[in-house]
Amino acid sequence: MSDKKNIKIADAFKDGKAFIGFLTAGDPTIEKTVKYVLAMEEAGCDLVEIGIPFSDPVAEGPVIQEANIRALSNNTNTDDVFEAIRQIREKSDVPLVFLTYINPVFYYGYDKFFKRCQELNVCGIISPDLPYDEKDEILEVTQKYGIDIISLIAPTSKERIQMIAREATGFIYVVSSLGVTGMRSEIRTDLESILSDIKEVTDVPAAVGFGINTPEQAENIAKVADGVIVGSAIVNIIAEHGENAREHLVNYVKSMKDTIL
Amino acid sequence: MSRGRFGVHGGQYISETLMNELLNLEKQYNHFKEDSEFVEELNTLLKEYAGRPSLLYYAKRMTEDLGGAKIYLKREDLNHTGAHKINNVLGQCLLAKKMGKTRVIAETGAGQHGVATATAAALLGMECEVFMGEEDTKRQTLNVFRMELLGAKVHTVTTGSKVLKDAVNDAFREWISRVDDTHYVIGSTMGPHPFPTIVRDFQAVISEEIKEQIMEIEGKLPDMVIACVGGGSNAMGAFYNFLEDEEVQLIGVEAAGKGIDTEFHAATITKGELGIFHGMKSYFCQGNYGQISPVYSISAGLDYPGIGPEHAYLHDIGRAQYVSATDDEAVEAFEYLSRMEGIIPAIESSHAIAHAMKVAGDMDKDDVIVINVSGRGDKDVAAIARYKGVELYE
């Protein structure tokens, strides 16, 4: 289906606000990852972040930490993740990005990794431990293969916001709250001022993630941002229902997507 | 090129959330290290509170027994709280206080760094929370109680393999969540820049003193300095002022656990590969596809899968050599020094002693070896007893 198609992150933002879902590859199995990504797309997910499992996910809260442990305990490796994406690409053109700590990518070999991303139409990489200041680590190779490095902007970024935003490509991931990933009952960060700082210097879409769980939160975020990112709430559904999570995922993604249209 | 590099190693591979904090830390550190009031205050604490300078002791019986080089012991075990960790902790806590922080957090393996941080926090009137892997809280029950006694909260880490690496993970997670009033007192020459530099500078007092003391006693520099290496702070401290003195051989001793050909070791340079983890590029014990490997050592303080970036660099350029000692060799050295000199060394430091025992006999009688006895072994007595199959009731 994706023969020589050039899938872009911008596709996810072209029809209004984007709903971006995350899951950890290999949780509960690689086969289910393929099915769940397709189900999420069917339910209205505009872009899917696929987590490559890592032994020490330092930026994650308990929900995603446990997903990493489940994925690694059934020996999911980077090649398995690429295989899942190959299977997804047989049926879907949904924009995909990787969420991965940098060490698995370094170990795999930057050239080999991003070449494979290009072959499978993976549009970008989000790396929680590769800040703006260390971007040169992979910049040359990602540019060679046309892969976007998704920049993260945090509540503490302050005067760094515009420096980061100016060079951003793909989309900007605005971290809603201090701390690790995980569902939160309220978000106190002044997102509006962060987003207006971003908008002053770039047209690259900005999506907000970390802690978003309920349709009400998504609706509020979508009023100020170009997209809403949900990770832990989705992973939690997979944790709860394991191999039988498909229906639950579809219902949840629909309920979220409906509020941000 | 990014900040804080030692050759290709180092850098700041860390959450964006912490970047401004790290930049500010670097700025504040560069300011205060030149601030005479700060330097004076720290030096007074080191002298009057920690008990510096620590002694450089000629180990006569050990020297005679091994029959080769003259052996001197740098007695970091005599510092207040029983290890070199206090040097770094007093520096960082004082710096944190000057920066307006009211709370410190720390990771700990054996408990020495946790105890030291709890101590400095008590002294400076700061709130303190120490992250310690559940496995280590079992190995080091007394240190857990000691930290609580000092007013710190001990946070038992139950994620991952529940040891030092996981304590570092959770300490970072806590810092990302609460960075405004909190400073993370990293205990070794590791983590994102500026930590490897700050910790090295605060530990460099060890080699500064060794140099002065040995010049006074022997009238020459040592031929060899030996220190154990986990993250690498006591070794970096013992090496730093000798880096320019090419004639001084610098040896770091890693934990070989049950042997470097088994899965049970923590010999990062001997067996590890280049990687990026805990904020730095360096060598790490890692498995297929770049997953960080579980590591093992009898010593909770050396049970870490990485090594500080400056050590990785010193290895690359050949300025320092990195070797390893097994659990068995370390336990033998622990008992040897206890019997031979009446000094019970930390099981971490025993790795350095074990290496000296291997090489001293083959050296010339005019040669001088300095071993950094980074800590005292009281904390290890129960674990050594268990290792030997002796049942103790603490």
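Trainee: How many helices and strands does chain B have?

Mentor: Chain B has 16 helices and 14 strands. The model is predicted.

Trainee: What makes chain B agree with a compact globule?

Mentor: The radius of gyration. The rule is 2.2 Å times the number of residues to the power 0.38. For 394 residues it gives a value near 21 Å, and chain B has 19 Å, so the two agree. The C-alpha trace spans about 55 × 45 × 40 Å along its principal axes. Of the 394 residues of chain B, 62% count as buried. Among contacts in chain B between residues at least 6 apart in sequence, 74% join residues at least 24 apart.

Trainee: Why is α5(B) said to be largely enclosed by the rest of the structure?

Mentor: A residue is buried if 20 or more other C-beta atoms lie within 10 Å of its own. Ten of the 13 residues of α5(B) are buried, so the helix is largely enclosed. Among the buried ones are Gln112(B), His113(B), Val115(B) and Ala121(B).

Trainee: What do the buried residues of α5(B) pack against?

Mentor: They pack against α4 (85-98), β5 (103-108), β6 (127-133) and α7 (141-149) of chain B.

Trainee: How do you know that the span of α5(B) is close to the one expected?

Mentor: The expected span is 1.5 Å times one less than the number of residues. Helix α5(B), residues 112-124, has 13 residues, for which 18 Å is expected, and it reaches 18 Å from its first C-alpha to its last. After α5(B) comes Gly125(B), whose phi is positive, near 70°.

Trainee: What makes β12(B) mostly covered?

Mentor: Strand β12(B) runs over residues 279-284, and six of its six residues are buried.

Trainee: How do you know that β12(B) pairs with β2(B) and with β11(B)?

Mentor: Two strands pair if there are at least two bridges between them. Two bridges join β2(B) to β12(B), and five join β11(B) to β12(B). Both counts therefore satisfy the cut-off. The β2(B) and β12(B) strands run antiparallel, and β11(B) and β12(B) run antiparallel too. Tyr13(B) has Gly279(B) as its bridge partner in β12(B), and Phe277(B) has Met280(B).

Trainee: Which residue takes a positive phi in the hairpin of β11(B) and β12(B)?

Mentor: His278(B), with a phi near 50°; the hairpin has one residue between the strands.

Trainee: Why are β1 and β11 of chain B called edge strands?

Mentor: The open sheet has four strands in the order β1-β2-β12-β11 (chain B), with antiparallel pairing. The edge strands β1 (5-6) and β11 each pair on one side only. For β1(B) the partner is β2(B), joined to it by two bridges; there, Arg5(B) stands opposite Gly10(B).

Trainee: Why does Glu212(B) count as partly exposed?

Mentor: A residue with 20 or more neighbours is buried, one with 12 or fewer is exposed, and anything in between is partly exposed. Glu212(B) has 13 C-beta neighbours inside 10 Å, so it counts as partly exposed. Glu212(B) lies in helix α10 (residues 205-218) of chain B. Its C-alpha is separated by 37 Å from that of Arg139(B), 73 residues apart along the chain.

Trainee: What makes Thr202(A) partly exposed?

Mentor: Thr202(A) has 17 other C-beta atoms within 10 Å, so it too falls in between the two cut-offs. Its place is in the loop between α9 (191-201) and β8 (206-209) of chain A. Leaving out residues up to four places away in sequence, Thr202(A) touches Ala165(A), Arg166(A) and Ala168(A).

Trainee: How many residues of chain B are in contact with chain A?

Mentor: 29 residues of chain B are in contact with 32 residues of chain A. On the chain B side, two or more residues come from each of β2 (9-13), α1 (16-32), α8 (164-177) and β11 (273-277). α8(B) gives the most, with six residues.

Trainee: How do the residues on that side of chain B divide?

Mentor: They divide into ten nonpolar, 15 polar and four charged.

Trainee: Which residues touch the most other members of the largest nonpolar core?

Mentor: Ile153(A), Val174(A), Ala207(A), Val228(A) and Ile369(B), in a core of 226 residues. α8(B) gives the most to this core, with seven residues. Among the residues that Ile369(B) touches are Ala69(B), Ile71(B), Met224(B) and Ala360(B).

Definitions and conventions. Residues are numbered from 1 along each chain as its sequence is written. Chains are lettered from A and ligands numbered from 1 in the order in which they are written. This is a predicted model: local features need pLDDT of at least 70, side-chain atom pairs count only at pLDDT 80 or more; totals for chains, interfaces and linings use all residues. Two residues are in contact if their C-beta atoms, placed from the backbone, lie within 7 Å. Ala, Val, Leu, Ile, Met, Phe, Trp, Tyr, Cys and Pro count as nonpolar, Asp, Glu, Lys and Arg as charged, and the others, Gly among them, as polar. A nonpolar core is a set of buried Ala, Val, Leu, Ile, Met, Phe, Trp, Tyr and Cys residues joined through C-beta atoms within 7 Å.
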